[in-house]
Amino acid sequence: RNETAQELLELVHQLCGGDPKVAAQSAAHQHPLVLAAACKFMGLYAPAWNVHCNHDAVLQLLAYLQAAMSVPATAAEASKATKSIYVSCAPKLLNSPSIVSCMRESMEVALPTDQVEAMAAVAEGCTRLIVQMKDQIQLKEAFNNLLTPLMHRADMALAASTSDQDAQRALAIEALTKYLNVLHVIIRFCDTPPGMPSPLGDILASIWPLLEKAAHLSVTYEPILKEVLSIQRQLLANAPNLVSPRFSDTVKFVVEAFEKTKHPSTLDYLAAAVEAFSSINNDNENSFNELLAHVTGVTMTYVTTEKRPDACPQVVRAFFEMCQRYTLFCPAALVKCREFSNIVSLAVECLAACNGERESTRASLIFLSQLFGWKSLRLAPTVAQVLEMHAGMIDEQLAKHGEGVTRVCVGGLGGGSTQMLWPALSDCVIAIATHVVGSNASSPVVEENTIAHQWVYSSLSTCTTTNGKPLEAETCRQIMVILFNLARRGSTSKPKAKMLLSDFARLCKGETDLDALVSYSL
């Protein structure tokens with residue numbers, strides 16, 4: 001091992017000995033691929049440099065990579081290697097008095113590359129190193145040095161975005177979108193070790209004016225809206241206490257942006273907000289109730305009069321992912337919402353109307369599975385209590401839509417949907433079956449002919465095999481009996497129930513035969 005390490009060090013010395021920037025330029029003159037290979041080598045062996053190099057040697061590697069990043073053809077590999085070295089060699093670099101200036105140089109070199117992946121990689125590496133600094137003064141200085149060139153360029157792009165020249169304005173918008181993406185990366189990895197104060201307060205104070213100005217552009221330019229809201233979502237996840245004073249204004253802006261653009265990122269933000277703030281007090285519950293009613297009304301109008309669900313699958317996906325958060329974190333606001341019945345009806349309609357589009361159909365299925373199968377979920381005690389109090393309202397929706405949902409799900413498994421949707425379709429069927437047999441669990445007699453039995457059997461009997469013939473009645477009965485026997489055992493038998501429904505789907509496709517059902521009866 002020591003001999004190998006020595007050989008690696010000698011190779012590094014040959015690559016970037018002397019002036020590392022001159023060495024990088026020399027490699028680039030030979031061929032960009034030579035320089036790219038050298039960068040990749042340095043990044044892959046970053047853990048070895050941490051063990052066998054001192055911090056001055058590691059800084060030389062970083063200087064070499066800074067020079068390599070200025071070459072467009074090698075910027076991607078150089079930025080990846082830079083991230084690897086900042087992360088893997090942190091114990092060595094933290095002892096260097098010049099590390100702060102080195103990180104700023106790396107950022108200043110990455111930003112002009114115009115490659116968002118390169119900028120983001122360097123930003124991630126620097127951030128993950130900075131949060132390990134124990135000296136709070138040094139940490140603040142480091143973040144200030146990291147953010148200064150980024151904010152300067154973002155402000156310049158923001159100013160140019162109002163240009164009268166279309167080409168210049170388009171370039172400015174594109175650049176601002178990239179800088180906001182890099183800012184999101186910095187916030188995402190800004191997690192300090194336990195017991196250490198978070199630097200996000202100072203960062204938020206620095207970036208908030210930019211976010212406010214960018215927000216004014218975002219309604220016109222959807223890429224900026226997406227990045228602004230991705231930053232806001234990250235702040236909700238990392239520091240909800242810091243953004244809570246500004247939360248009301250932010251929600252108002254997001255709702256207005258949704259009304260104007262129907263961009264799914266607005267609903268993604270609202271989903272994150274429900275998770276972060278809905279459980280704080282009753283006033284929030286009432287506010288989120290009204291918010292859901294309003295957003296549902298706008299969404300219903302959009303997908304029924306302006307576009308069909310299959311023409312806006314990402315809006316459907318984001319809407320029902322938001323509804324999932326309501327089920328898990330603010331169920332009272334959901335079930336007491338005046339639009340609750342319309343929400344469930346829209347979910348059922350989208351199962352067919354989205355024409356099998358994966359993300360939107362899956363989001364609708366998961367929402368229905370969670371709603372109808374809430375007793376099988378691992379919920380906070382307060383959430384479970386609320387759902388128990390309003391179980392009657394959920395049962396009403398199941399009675400109204402259960403047959404239709406079961407028919408769509410079983411039909412999808414029987415050949416109407418792609419295999420990627422089988423898990424979500426199975427979950428929904430199992431949730432309905434488990435809920436119905438669970439509701440009758442107190443009965444001294446095991447019921448073999450509940451309404452759910454009828455739904456499942458009726459749906460199975462309409463399915464056909466590859467030869468176009470319907471499944472035999474005995475096969476349908478056998479699958480139904482096995483499914484409900486598993487459902488009675490609760491969540492522990494759910495994996496086996498999903499396997500059963502997958503075997504049913506394969507049976508319809510001709511990929512297996514009836515012998516596959518034998519094991520479930522043993």
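In this predicted model, Leu-368 touches Val-344, Ala-347, Val-348, Leu-351, Gly-373, Val-405 and Cys-428, with residues up to four places away in sequence left out of the list. Leu-368 is also one of the residues with the most contacts inside the largest nonpolar core, together with Trp-49, Ile-99, Phe-288, Phe-320 and Tyr-326. That core has 178 residues.

Several of the partners of Leu-368, among them Val-344, Val-348, Leu-351 and Val-405, also take part in a contact between two helices. These are helix H20, residues 340-353, and helix H23, residues 391-416, whose axes come within 10 Å and cross at roughly 10°. Because angles under 35 degrees count as roughly parallel, H20 is roughly parallel to H23. On the H20 side the contact is made by Phe-340, Ser-341, Val-344, Ser-345, Val-348 and Leu-351. H23 contributes Met-393, Ile-394, Gln-397, Lys-400, His-401, Val-405 and Val-408. Sorted by class, the contact of H20 with H23 has eight nonpolar, four polar and one charged residues.

Another partner of Leu-368 is Cys-428. Is Cys-428 buried or exposed? With a relative accessible area of 0%, Cys-428 is buried, because the cut-off for buried is under 20%. The structure holds zero disulfides. Cys-428 is accordingly in no disulfide, and the nearest cysteine sulfur, that of Cys-409, is 4.0 Å away. A disulfide is counted here when two cysteine sulfur atoms lie within 2.5 Å, so the pair does not qualify. Cys-39 has a relative accessibility of 0% and therefore also counts as buried.

Helix H24 covers residues 422-439 and includes Ser-426. At 1% relative accessibility, Ser-426 counts as buried. Which residues does Ser-426 contact, leaving aside its neighbours within four places in sequence? They are Leu-413, Lys-498 and Leu-501.

The remaining values describe the protein as a whole. Its secondary structure comes to 27 helices and zero strands. Along the principal axes, the C-alpha trace spans about 85 × 55 × 50 Å. Of the 522 residues in the protein, 51% are buried. Among contacts with a separation of 6 or more, 73% are accounted for by residues 24 or more positions apart. The contact of Leu-368 with Cys-428 and that of Ser-426 with Lys-498 are examples of contacts between residues that lie apart in sequence.

Conventions. Residues are numbered from 1 along each chain as its sequence is written. This is a predicted model: local features need pLDDT of at least 70, side-chain atom pairs count only at pLDDT 80 or more; totals for chains, interfaces and linings use all residues. Side-chain values use heavy atoms; hydrogens and water are left out. Helices (H or I, at least four residues) and strands (E, at least two) are DSSP runs, numbered from the N terminus. Buried means under 20% relative accessible area, exposed over 50%, partly exposed in between (1.4 Å probe, protein chains only). Contact means heavy atoms within 4.5 Å. Axes are lines fitted to C-alpha atoms, for helices over the stretch in contact, and angles run from 0 to 180 degrees between N-to-C directions. Angles under 35 degrees count as roughly parallel, over 145 as roughly antiparallel, 65 to 115 as roughly perpendicular and the rest as oblique. Ala, Val, Leu, Ile, Met, Phe, Trp, Tyr, Cys and Pro count as nonpolar, Asp, Glu, Lys and Arg as charged, and the others, Gly among them, as polar. A nonpolar core is a set of buried Ala, Val, Leu, Ile, Met, Phe, Trp, Tyr and Cys residues joined through side-chain atoms within 4.5 Å.
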